[in-house]
Amino acid sequence: VQLQASGGGLVQAGGSLRLSCAASGRTFSSYAVGWFRQAPGKERESVAAVSWSGGSTYYTNSVKGRFTISRDNAKNTVYLQMNSLKPEDTAVYYCAAGPLLTTMSESFRSWGQGTLVTVSS
């Protein structure tokens, strides 16, 4: 499966953005999808993930209550709604698909190209 992430941009603190991860391939609906981010000088971290059905989700503690992950398998797309953005959310955001709902990036086999989110204070 091939992934294309989009929706990044520059936003002020407290603002919102919605990232999209569009996939090609008929098997997309059988994969879990995760969003990861990497800030300058920092390691990549898991942000959120959703199961193949959308019925199970995961969020890292720092985004709980602010970010929402969802998917529309009919459109082969996963979304990350980001509200109440903070400067520390600034990073390149990547989506990835894999067989398991997990925070471990090694489990995700297909990766999108990344989209930059910049939150100004």
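Which strands form an open sheet, and in what order? Four strands do, in the order β1-β3-β8-β7, with antiparallel pairing. Strands here are DSSP runs of E with at least two residues, numbered from the N terminus, and two strands pair if DSSP finds at least two bridges between them.

This is a predicted model, in which local features need pLDDT of at least 70, side-chain atom pairs count only at pLDDT 80 or more, and totals for chains, interfaces and linings use all residues. Residues are numbered from 1 along each chain as its sequence is written, and side-chain values use heavy atoms, with hydrogens and water left out.

**Stop 1: the open sheet.** Select 2–6 and 67–72. These are β1 and β7, the edge strands, each pairing on one side only. Next select residues 17–24 and residues 77–82. These are β3 and β8, which run antiparallel and are joined by six bridges. Within β3, click on Leu-17: Met-82 in β8 stands opposite.

**Stop 2: strand β4.** Select residues 32–38. Six of the seven residues of β4 are buried (under 20% relative accessible area, 1.4 Å probe, protein chains only), so this strand is largely enclosed by the rest of the structure.

**Stop 3: the partners of β4.** Add residues 91–98, strand β9. It pairs with β4 in the antiparallel sense over seven bridges; the bridge partner of Ala-32 is Gly-98. Then add residues 45–50, strand β5, which runs antiparallel to β4 and is joined to it by five bridges. Gly-34 stands opposite Ala-49 in β5.

**Stop 4: the turn.** β4 and β5 form a hairpin, with six residues between them. Select Gly-41 in the turn, which has a positive phi of about 75°.

Key: Buried means under 20% relative accessible area, exposed over 50%, partly exposed in between (1.4 Å probe, protein chains only).
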